Amino acid sequence: MRAISCQLSAICKVPSRFALALALVFAVKAFAATPDMPRFRWENFTTANGLPDNHVFTVLVDGDRIWAATENGLGLYENGKWRVFTTADGLAHRAVLSLALDKRTGDVWAGTMGGLSRISAGRIDTFNQLNSGLSNDVVYGVAIQGDYVWTATAAGASRYNTRTGQWSLFNERNTPMYEIWTYGVTVGPDKVYYAVWGAGVLEYDIKTEHWKDYNDPDGETEIVLFKDQGLIHEITTSVSYVDSILWVATYFGDSRYDGRNWHNFLTKDSGLPSNFTNQVKAIDANRAWFSTDKGLAYYDGTNWAVYRPNLKTGAPEMYVRDAEANITNIAVDTAPAHNYVLAVDFQGDDIWVATAKGLSHGIRQK
Amino acid sequence: MSRRLLRHGSTEVTEKRKALFGFPRSRRQFAGVFVATAIALATLALAITAKARPDSDEARYLSPREMALSLDERRLYVMCEAGDEVLAVDTQSGAVVKTVAVGHVPRGMTLSPDGKKLYVANSWDDTVSEINTSSFKVIRTLTTGFEPNGLAVDTENKTLYVANRLSNDVSVIDLGSGQEIKRLAAGRGASYLTPSPAGKLIYCTHIYPKIGAHRTAPESEVTIIDTLRQVVIDRKLLHNVAGVFHTAVSADGKLVVSAQLRPHNLVPLAHVEHGWAFGDSLAIFGDDVNGVVQVPLDELEKYFAMPYDVAITPDKKKLYVSSAGSEAVSVIDIRKMLAYARESNVPIANDLSASANYVVGRIPVGRNPKGLLLSRDGRRLFVANRLDDSIAVIDTANDVVVSSIDLGGKKDMTSLRRGERLFYSARFAFQGQFSCANCHIDSTFDGLQWDLEPDGFGVDIVDNRSIEDLAGTEPFKWNGGNPNMATECGPRTEKFFYRSQSYNSAELADLVTYVMALPYRPNRYRLPGGELTPPQERGKAIFERTKTKNGTPIPEANQCGYCHSGPKYTNTKLADVGSGKPTDRSPLIDVPQLPNVAYSAPYLHDGSAKSMEEIWTVFNPHDTHGVTNDLQKDELNDLIEYLRTL
């Protein structure tokens, strides 16, 4: 039997006959109830096999090609080989923080510590705060909305019109952005959302061109007084807007917002391995992946799965938490490169994971 | 305007004209006759023209630039840049049989693969006219990017690609809906599109080089588009190249040839005597060659200025190149060219003796030859003599002009037209090396910085300025040394540029007339009604402000509007804005006019600012070029938004 209930070990000291019966009941229940969560065989990339740097800020799937944004260059994995773009190739800065693919043109946009770069059929064009209208050189987030490139920078939001070359800046003077450290951006057909580090979430309505902010009803305290009454925390790191559902990652838990109701996730009442979340990336309205400092978590709308090297032993680990908070360990042979996970992207059923110590390819097994 | 089609000559001659111009029903029957009689009739045919238009006051100059041939080859479509129209010429009679008005300043035209539609890029309207070739009427007008030029249609007649010169991109237009579905990032000055024979690829070339690091060799690219995915898949880099024009692809798809300019702008122009101003050349690449090879067209003491269009015969034996500044079409033996390119161990791009190895002929044609078009059997080559309003017909068997089609443009030569001819002619420069239009491509600029004067290497570097709408902006030159255009175009040009005695007084007057009449191109950043957007309004307030943000008065001489005053935004004086370099003889520079400043990057007198932003973020640390250091980033953006509207 591959799935073994954790609760089983807790009752091992009770009298043997009763314990055996109880164990059978729990075991059967656990076996029957263990959700069928995605399982992967993990292949990891480090500098030892061509990755430009082990600190991978984010990853982008571009068909059969994989882009890895690292602290020391932009890696492109194609046909089993890595190619590295550096400042010598025109990249704005060696440290690449964010990536976005313009699916219409095939261009890749890279936010770096020194500006924004467009990689287009091998040519790199760079926009920074000196040579363009970009608000700030530190570009934490980038997203494509039609002909616009939205960026989240250390000094507010920027929007670049690729047709006219015009820039629009959004900051504390023309939006409810009372902090200007924008950390993440996501776009949908009707809205653009920003994760503003210390100022919650900003929503831009594409049709009306109006901005609206969402904040933690508990203010800047780290105590959750009013759970599910609003955003979980002001220190937001990532937003993902899919199927008209907004998912928000913060350093103090995560949130899901359907336009009317908020639902928040904390370690104490969900399968999140940590409240410290670097990225949330939704698949659809109900399913999302959470990149935390204590592992990678998947939420299918009911159940959770966590993938990581064991925090103490480093051994490959996967466990599942069901709706009743039952936790089931899954025997696995491989794990993502590190428990400090920064970002993910999807390649069909596979997943690519950016961690602090390498890039991981999760090859779906079932 | 009514068009009276006049025919000249006897019935016999008319029949002979048919043989020369046309594509008789039984080609085999006529082929032998044609070859045998072509040369003999050439002289006679030259004298025969089908006068298409009455030479009246209503007549206009046409300036034919691009051509297309109907699938049955009975119609030659001629796009006329000055006439704002497309002509349908009967290839048998040489007569203009239909005309259709298109948008303003058309610069590109293509025929759909099914032959049912003509597409014309109206460069000043930012539109494409879709013409039904049966009715010869515009049936739809499509919206493009800024200043559309080149066009290509995919093999299924479903997608139109348009190269936009000022937005530096390629519009991808769904011909079903007529909507532009996306833009692809091209290079600077995207202008010409050429599909591969199978239609899988489209090659895009550019008239301006990339804006690179200051005082480095120019670099351009050929942007390659995959028509299946509708994305850019490759960019062939062209080193030491600025100004790339048409491309041709051999029928087997293995040879790609682009006409290009190699400017030698990093050394003083004093080296004209050494053949060191421009190299007229071709970039060749594809499976037939290793990488990109640049091959010169010029000769040791004779230049073939401004190569524009390229045509490869179907049998891949010959390559034709029009030299727009030299009134000639060069004939290249492709086998010899490839052999020479392959066997050369060193780059040959600057070797003026190289062309003798593969250029096998120079065919004199009319003024400012632009577009080339081969008949599908490769026997006839049509040449658009832009400033003669005629089409030369070349018999490719013998490589001679056998006839000329008079398109019927205005016959009286005005000073303006004479000046235009002078502007585009290289015959006044030493060894015919270059014309005004080399640096002012299509009467604009070239995006380059030049070391013009014989004052040492790297001294007094100057950015090439736009020349549109110049009246009232005197004096000229960045040091304000030329009080008027006659000085600029006359003695200065003779001394510093052409290195030869050039224009006589009448010619100079004509040239000045032309240059001073160059109009202001449409500004794309203004709203149609002329009003300003909120950012532009805020930028205008910054441009006109008299106090800094903390209330400190800005000295009048340091306010934007002091130097950049008047209708052209120049007070026509010299100013020191702190952008001078140690290599400049004087920090005083002529205050440049600002109309359409958005298009003429790079900036400052020496082109050291790659963008408008850099004028202030990099080159104005002490607020000597206006007070800008109190501005936040979004306020500087607003100022730039306003400047773009000028």
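1. Start with the spacing of the domains. In this predicted model, the C-alpha centres of domain 1 and domain 3 of chain B sit 34 Å apart. The domain assignment puts domain 1 at 102-242, domain 2 at 417-516 and domain 3 at 534-643 of chain B.

2. Next, a helix pair worth pulling up on screen. Helix α4 of chain B covers residues 415-423 and helix α8 of chain B covers residues 505-516; their axes come within 7 Å and cross at roughly 95°. That crossing angle is why α4(B) counts as roughly perpendicular to α8(B), since anything from 65 to 115 degrees gets that label.

3. Who does the touching there? On the α4(B) side, the contact residues are B:Ser415, B:Leu416, B:Arg418, B:Gly419, B:Glu420, B:Leu422 and B:Phe423. From α8(B) come B:Glu507, B:Ala509, B:Asp510, B:Leu511, B:Thr513, B:Tyr514 and B:Val515. By type, the contact of α4(B) with α8(B) splits into seven nonpolar, three polar and four charged residues.

4. Now to strand β10 of chain B, residues 159-164. Is this strand mostly covered or mostly open? Mostly covered: five of the six residues of β10(B) are buried.

5. One partner of β10(B) is strand β9 of chain B (residues 148-153), and the two run antiparallel with four bridges. If you want a landmark, B:Ala152 has B:Tyr161 in β10(B) as its bridge partner. Five residues separate the strands in the hairpin of β9(B) and β10(B), and B:Asn157 there takes a positive phi near 60°.

6. β10(B) also pairs with strand β11 of chain B (residues 169-174), again in the antiparallel sense, this time over six bridges. Here B:Asn164 stands opposite B:Asp169 of β11(B). These strands, β10(B) and β11(B), make a hairpin as well, with four residues in between, and B:Asn168 in the turn has a positive phi of about 60°.

7. Finally, have a look at the open sheet in chain B. Four strands line up in the order β25-β26-β27-β28, with antiparallel pairing. Which strands are at the edges? They are β25 (369-374) and β28 (400-406) of chain B, each pairing on one side only. On average, neighbouring strands of this sheet are turned by 25° against each other, ignoring direction.

8. A closer look at one edge of that sheet: β25(B) and strand β26 of chain B (residues 380-385) are joined by four bridges in the antiparallel sense. To find your place, go to B:Leu374, whose bridge partner in β26(B) is B:Leu381.

Conventions. Residues are numbered from 1 along each chain as its sequence is written. Chains are lettered from A and ligands numbered from 1 in the order in which they are written. This is a predicted model: local features need pLDDT of at least 70, side-chain atom pairs count only at pLDDT 80 or more; totals for chains, interfaces and linings use all residues. Domain bounds come from an automatic or database domain assignment. Axes are lines fitted to C-alpha atoms, for helices over the stretch in contact, and angles run from 0 to 180 degrees between N-to-C directions. Angles under 35 degrees count as roughly parallel, over 145 as roughly antiparallel, 65 to 115 as roughly perpendicular and the rest as oblique. Two residues are in contact if their C-beta atoms, placed from the backbone, lie within 7 Å. Ala, Val, Leu, Ile, Met, Phe, Trp, Tyr, Cys and Pro count as nonpolar, Asp, Glu, Lys and Arg as charged, and the others, Gly among them, as polar. A residue is buried if 20 or more other C-beta atoms lie within 10 Å of its own, exposed if 12 or fewer, and partly exposed in between; C-beta atoms are placed from the backbone. Two strands pair if DSSP finds at least two bridges between them.
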